[in-house]
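Walk through this structure one feature at a time. Begin with a loop, then follow the backbone, the disulfide, the cores and the charged pairs.

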Amino acid sequence: MRALGALLLITSLAPALRGQPTQSENSGGNSTVIMQDGGVDQVLQSIYIPPIPNAPFTAIVHTQWIRALLDGGTYTVVNQRQVARDRAGRIFEERWWLVPKDGKVQSRMNVIQIADPAAHTLYNCFVLQTPHRCVIQSFADSGAAADYKPSVMQSGALPNGDGFQTHEDLGTQVIAGIDTQGMRDTITYNPGVIGNDRPHNRVREFWFAASLGINLKSELTSPDFGKEIFTLTDVSTTDPDPKLFELPEGFEVVDHRKPVAAAPSQ
């Protein structure tokens with residue numbers, strides 16, 4: 001299922017050439033290569049939606065990614081996007097650019113994803129590319145017999161004296177009219193374990209809706225990547241519009257599935 005999350009929320013707001021040479025022509029006819037070192041390309045992993053049948057919903061996912069700056073300030077990027085799952089377990093997700101909070105750059109939808117667990121297909125439709133194409137890949141997760149539960153830790157020491165982890169139950173909370181169970185997992189790495197010069201805490205707090213098999217709110221906090229906040233609003237548990245699961249009109253389909261190997265002859 002993580003294949004559906006692989007095309008995620010790229011933080012780049014414009015094409016970047018960091019770490020790559022660019023060329024320009026000079027008056028002598030020779031090309032000049034301009035080089036620049038460094039830079040970081042980062043991808044934000046968003047919420048996980050399993051292909052559970054008979055648990056339909058539609059919702060809006062609100063994302064915030066808050067990172068600390070060396071001057072003591074913060075840098076925040078945001079977006080919001082529609083997601084849905086029908087009674088057959090098919091999943092629809094929009095992907096939108098992350099943009100600076102309260103900034104001048106407008107977010108744009110760049111990918112539509114449609115996963116069908118019965119047909120074992122995943123379509124990634126690139127709406128900003130020309131020509132318009134939907135790339136089809138294999139989708140292995142059928143979802144039919146799986147029991148989807150949140151990943152939780154057991155409190156105790158980490159192996160090799162690297163630190164310790166703590167699991168906390170936070171009780172229940174009604175979010176968007178749906179009962180959820182809250183949990184908080186904290187990993188503390190001792191100095192030197194991951195290149196850190198002081199204890200390093202990573203905290204994951206989430207509120208899980210068992211009736212839908214998804215988290216309605218998640219917060220992940222770590223000194224290295226900042227804080228990620230995912231909140232679902234406008235949650236409806238009725239079957240979504242079937243048109244959501246139709247490929248965009250006029251899009252060419254490109255098949256990237258690996259061919260099934262033929263059985264060896266006897």
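D102 sits in the loop between strand 8 (99-100) and strand 9 (109-116). Strands here are DSSP runs of E with at least two residues, and helices are runs of H or I with at least four residues, both numbered from the N terminus. The phi of D102 is near 60 degrees, a positive value in a residue other than glycine. D102 is also exposed, at 76% relative accessibility. The cut-offs are these: buried is under 20% relative accessible area, exposed is over 50%, and partly exposed lies in between, with a 1.4 Å probe and protein chains only.

The model is predicted, so local features need pLDDT of at least 70 and side-chain atom pairs count only at pLDDT 80 or more, while totals for chains, interfaces and linings use all residues. Residues are numbered from 1 along each chain as its sequence is written, and side-chain values use heavy atoms, with hydrogens and water left out.

A176 is another non-glycine residue with positive phi, near 55 degrees. Its place is the loop between strand 13 (163-175) and strand 14. Is A176 buried, exposed or partly exposed? At 43% relative accessibility, A176 counts as partly exposed.

The backbone has a further feature at T130 and P131. A cis peptide bond joins these two residues, with omega about 0 degrees. P131 belongs to the loop between strand 10 (121-126) and strand 11 (133-138).

Now the disulfide. The structure holds one, where a disulfide is a pair of cysteine sulfur atoms within 2.5 Å. C125 and C134 form it, with their sulfur atoms 2.1 Å apart. The torsion about the S-S bond is about 110 degrees, so the disulfide is right-handed. Both C125 and C134 are buried.

Next, the overall picture. The protein has one helix and 18 strands. Of its 266 residues, 37% count as buried. About 15600 Å² is exposed, and carbon and sulfur atoms supply 52% of that. These areas come from the Shrake-Rupley method with a 1.4 Å probe; for residues, only the protein chains shown count as cover. Contacts, meaning heavy atoms within 4.5 Å, can be sorted by sequence separation. Among those with a separation of 6 or more, 50% are between residues 24 or more positions apart.

Turn to the interior. In soluble globular proteins, nonpolar side chains tend to be buried together. A nonpolar core is a set of buried Ala, Val, Leu, Ile, Met, Phe, Trp, Tyr and Cys residues joined through side-chain atoms within 4.5 Å. The largest one has 24 residues, of which I49, F57, L212, I214, L216 and L232 touch the most other members. Two or more residues each come from strand 5 (57-68), strand 6 (74-85), strand 15 (200-209), strand 16 (214-222) and strand 17 (226-236). Strand 5 gives the largest share, four residues.

Which residues does L212 contact, leaving aside its neighbours within four places in sequence? They are I52, A55, P56, F57, R85, I178, V235 and T237. A second, separate core has twelve residues, including I112, I114, I136 and F245.

Charged pairs come last. Side chains of opposite charge can pair when their charged atoms come close. A salt bridge here is a side-chain nitrogen of Lys or Arg within 4 Å of a carboxyl oxygen of Asp or Glu. By this rule there are twelve.

Take D185 and R204. Their closest N and O atoms are 3.8 Å apart. D185 lies in strand 14 (residues 178-189) and R204 in strand 15, so the salt bridge ties together parts that are 19 residues apart in sequence. D185 is buried, at 1% relative accessibility. R204 is partly exposed, at 26%.

D86 and R90 also meet in a salt bridge, at 2.7 Å from N to O. D86 is buried at 5% relative accessibility, and R90 is partly exposed at 24%.

Compare the setting of D197 and R198. The closest N and O atoms of this salt bridge are 3.6 Å apart, and both residues are exposed. Finally, salt bridges that share partners join R81, E93 and R95 into one network.
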